[in-house]
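Open the model in your viewer and keep the sequence panel beside it. The stops below go from one helix outward to the rest of the chain.

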Amino acid sequence: MRGLNRFLLNAFQARRAPTLQRTFHSTTPATMPRTAATESFKFNHTMIRIKDPKLSLAFLHGPVPTKYLLLQTLGMDLVSEQNMGDFTLYFLAFDHDGIGSLPAEQKAKARFQSRGSLTTMGTESDPNFQGYANGNAEPGRGFGHIAITVNNIEEACARFESLGVPFKKRLTDGKMRHIAFILDPDGYWVEVVPQALSL
């Protein structure tokens, strides 16, 4: 019986080791061929629900009235704002394509042409709203985080620190000293990663 257990353990380890090596140590990413059916597909946006747009937008956007904090901390641009009655949709992106300088009507049309934008849905009309699960704790574990890249992670983290932004993980925490996680006003995790990162 002991010999059988050793045989099975060795067979399992021999079978698993190459898979782990390919998964974590390969420098060539796996690619799938694009087909005519998918060649026009692009990642457009991720949507998160927020409790208070006044706090969240100031965090994301930038030098705007203090009611918008998401924009101030991360420097994203408010591409468009759509009032849906009992909630409002805010489309945000880093403006590398000049969308921010367009008139409001053209900005709204361009929001589905940009890549990698963030949509937030504010519930400002619900005074009893208690907030959402951030996806990293029970109940509601699932969604993990959004991530941004920065030129100089030490300078970026020092700036976040000076703004009083709460950290989930500082550069000095844990084994991974090259990334950090900050928290937005709803407790969502935002990973901060250097533009040149070797895993």
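Start with α5 and select E154, E155 and S162: these exposed residues sit on the face turned away from the buried side of the helix. Exposed stands for over 50% relative accessible area, buried for under 20%, and partly exposed for what lies in between, with a 1.4 Å probe and protein chains only. Helices (H or I, at least four residues) and strands (E, at least two) are DSSP runs, numbered from the N terminus.

Before going on, note that this is a predicted model, in which local features need pLDDT of at least 70 and side-chain atom pairs count only at pLDDT 80 or more, while totals for chains, interfaces and linings use all residues. Residues are numbered from 1 along each chain as its sequence is written, and side-chain values use heavy atoms, with hydrogens and water left out.

Now select the buried residues of α5, which are I153, A156, C157 and F160. They lie on the same side of α5 because they cover an arc of only 95° around the axis, the arc being that of the directions from the helix axis to the C-beta atoms.

Next, look at the ends of this helix. At the N-terminal end, N152 acts as the cap, with a side-chain oxygen 3.1 Å from the backbone nitrogen of E154. Just after α5, G164 has a positive phi of about 80°.

From the helix, move to the largest nonpolar core, which has 26 residues; L74, F160, I182 and V192 touch the most other members. Such a core is a set of buried Ala, Val, Leu, Ile, Met, Phe, Trp, Tyr and Cys residues joined through side-chain atoms within 4.5 Å. At least two residues each come from β1 (45-50), α2 (53-60), β3 (88-93), β5 (145-150), α5 (153-162), β7 (180-183) and β8 (189-194). The largest share, four residues, is that of α5. Another core lies apart from this one and has seven residues, including L89, A93, I99 and M121.

L89 leads to the next selection, since it is the bridge partner in β3 of Q82. Show β2 (residues 77-83) together with β3: the two strands pair in the antiparallel sense over six bridges, where pairing takes at least two DSSP bridges. Their hairpin has four residues between the strands, and G85 there takes a positive phi near 100°.

Finally, zoom out to the whole chain. Five helices and eight strands make up its secondary structure, in the order α-β-α-α-β-β-α-β-β-α-β-β-β from the N terminus. Of its 199 residues, 34% count as buried.

Conventions
A polar contact is a pair of N or O atoms within 3.5 Å; within protein, one must be able to donate a hydrogen and the other to accept it, and residues adjacent in sequence count only if both atoms are side-chain atoms.
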